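This briefing is addressed to a reader who has the sequence and the coordinates at hand. Please consult both while reading the points below.

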Amino acid sequence: MTRSTGTARLHRARRAPEATRSNALPAGAWWLWALGLATAASRTTNPLLLGLLVGVAGYVVAARRTDAPWARSYGAFIKLGLFVVGVRLVFSVFLGSPIPGTHTAFTLPEVPLPDWAQGVRIGGRVTAEQLVFALYDGAKLATLLICVGAANSLANPARLLKSLPGALYEAGVAVVVAMTFAPNMVADVVRLRTARRLRGRATGGIGAVLQIGLPVLEGALERSVAVAASMDARGYGRTAQVPPAVRHTTNALTLGGLLGVCAGTYGLLAVQGAVYGLPLLLAGLVAAMAGLRLGGRRSVRTRYRPDRWGVRAWLVAGSGVVVAAVMIRAGSADPAALRPGVVPLTAPVLPLWPAAAVLAGLLPAVVAPVPPPISRTSKEQP
């Protein structure tokens with residue numbers, strides 16, 4: 001009996017606890033996890049790996065998102081990703097593609113163009129190779145958007161804003177407006193469509209979209225600006241006096257570091273830039289962190305209930321970093337597996353250890369605190 005009791009206690013200790021205000025994961029952990037998945041998606045055009053990344057992100061969102069307004073934005077990002085794939089295919093069909101091909105899918109009437117537009121065509125022969133290439137390219141961009149949508153659904157924008165360094169408090173108002181606009185817009189769309197459905201009006205079609213669009217944009221912007229105004233009224237971003245030399249040094253370190261981070265990130269995302277991308281990214285991060293640390297002295301704002309990075313937060317962020325690192329390494333070791341060829345047409349093959357690394361992104365669905373049931377959350381709200 002004692003042994004069974006100890007086993008039950010050990011099982012409860014290993015199981016993820018229920019999320020509360022005190023043990024909720026920092027928003028930065030969710031964003032690091034999602035950006036790791038997005039970095040992995042940018043390194044491959046293999047549709048099997050991209051589908052696996054989308055499945056991992058969707059499973060974690062389904063397992064750990066709450067009923068907050070921003071948590072409903074994931075479906076909108078999925079629809080946006082499908083729209084991107086469709087647009088990429090349409091552009092490839094009507095504007096042509098530089099990908100040569102021998103398998104003709106169909107032929108469209110070609111519009112004659114003047115001599116100065118050589119190299120550009122509208123219509124003409126459409127090959128299966130160019131369609132597959134456009135599908136792969138659009139799927140990569142759609143996966144990037146879906147990974148960002150996962151971060152928007154899981155991370156609390158207010159908690160993310162609290163995690164900003166002191167040097168960025170002056171830009172906090174603009175950040176709040178930008179990050180709360182999309183979730184508020186999704187919530188307003190759901191609210192207005194429900195109201196129209198209850199009144200017996202149509203919720204689909206161009207007419208309904210035109211009637212809902214303006215109130216949705218106006219309401220979302222008003223709510224975001226109201227949050228920013230309340231922050232400004234409470235003195236958010238108030239700064240202290242510092243010597244000019246310190247201020248100039250802070251600006252130089254922060255700007256140079258951010259430029260280094262951008263250049264290093266571009267190098268990592270590019271195919272041939274992985275050699276110089278990592279050192280430049282690390283140097284930029286060091287310079288930016290030094291500038292932000294030095295600029296934090298200007299802030300006179302205290303922080304209430306700061307987010308604590310515990311073991312679970314590090315595991316969530318580290319799982320995304322592992323997925324990105326393994327995919328970058330696989331891109332240099334076996335690029336053919338991550339970027340299947342289209343000329344000639346070949347069936348994509350699922351590489352085993354990159355796929356196993358992508359499955360490591362499921363770790364947040366196990367270690368992250370479990371959100372309370374929606375019914376209990378709705379009962380607790382006044």
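The points below cover the overall fold, one helix, one surface patch and one buried polar contact.

The model is predicted. The protein contains 15 helices and 2 strands, and 37% of its 382 residues are buried.

**Overall features**

- Among contacts in the protein with a separation of 6 or more, 80% are between residues 24 or more positions apart.
- The exposed area of the protein is about 21800 Å², of which carbon and sulfur atoms supply 67%.

**Helix H11**

- Helix H11 runs over residues 311-333, and its 23 residues should span 33 Å at 1.5 Å a residue.
- The C-alpha atoms at the ends of H11 are 32 Å apart, which agrees with that expected span.
- The buried residues of H11 include the alanines Ala-313, Ala-317, Ala-324 and Ala-330. Val-316, Val-323, Val-326, Met-327 and Ile-328 are also buried in H11, as are Ser-319 and Gly-320.
- Cover for these buried residues comes from elements that include helix H2 (27-42) and helix H3 (47-64). Helix H12 (335-338), helix H13 (352-359) and helix H14 (364-367) are likewise among the covering elements.

**Nonpolar surface patch**

- A nonpolar patch of about 680 Å² lies on the surface, and it is made by Val-90, Phe-91, Phe-94, Leu-95, Val-111, Leu-113, Val-120 and Ile-122.
- Helix H4 (residues 74-95) provides the largest share of the patch, with 4 residues.
- Phe-91, one of the patch residues, is located in helix H4.
- Phe-91 has a relative accessibility of 49% and therefore counts as partly exposed, since exposed requires over 50%.

**Ser-92 and Gln-130**

- Ser-92 belongs to helix H4, whereas Gln-130 belongs to helix H5 (residues 128-154).
- Ser-92 is buried because its relative accessible area is 0%, and Gln-130 is buried because its relative accessible area is 2%; the cut-off for buried is under 20%.
- A polar atom of the Gln-130 side chain lies 2.8 Å from the backbone oxygen of Ser-92.
- Leaving aside neighbours within four places in sequence, Ser-92 is in contact with Ser-97, Gln-130 and Ala-134.
- With its neighbours within four places likewise left aside, Gln-130 is in contact with Ser-92, Val-93, Gly-96, Ser-97, Ile-99, Arg-121 and Arg-125.
- Ser-97 thus appears in both contact lists, that of Ser-92 and that of Gln-130.

Technical notes. Residues are numbered from 1 along each chain as its sequence is written. This is a predicted model: local features need pLDDT of at least 70, side-chain atom pairs count only at pLDDT 80 or more; totals for chains, interfaces and linings use all residues. Side-chain values use heavy atoms; hydrogens and water are left out. Patches are made of residues with over 30% relative accessible area and no salt bridge: like charges are joined within 9 Å, nonpolar side chains (Val, Leu, Ile, Met, Phe, Trp, Tyr) within 5 Å. Accessible areas come from the Shrake-Rupley method with a 1.4 Å probe; for residues, only the protein chains shown count as cover. A salt bridge is a side-chain nitrogen of Lys or Arg within 4 Å of a carboxyl oxygen of Asp or Glu. Buried means under 20% relative accessible area, exposed over 50%, partly exposed in between (1.4 Å probe, protein chains only). The expected span of a helix is 1.5 Å times one less than its number of residues. Contact means heavy atoms within 4.5 Å. A polar contact is a pair of N or O atoms within 3.5 Å; within protein, one must be able to donate a hydrogen and the other to accept it, and residues adjacent in sequence count only if both atoms are side-chain atoms.
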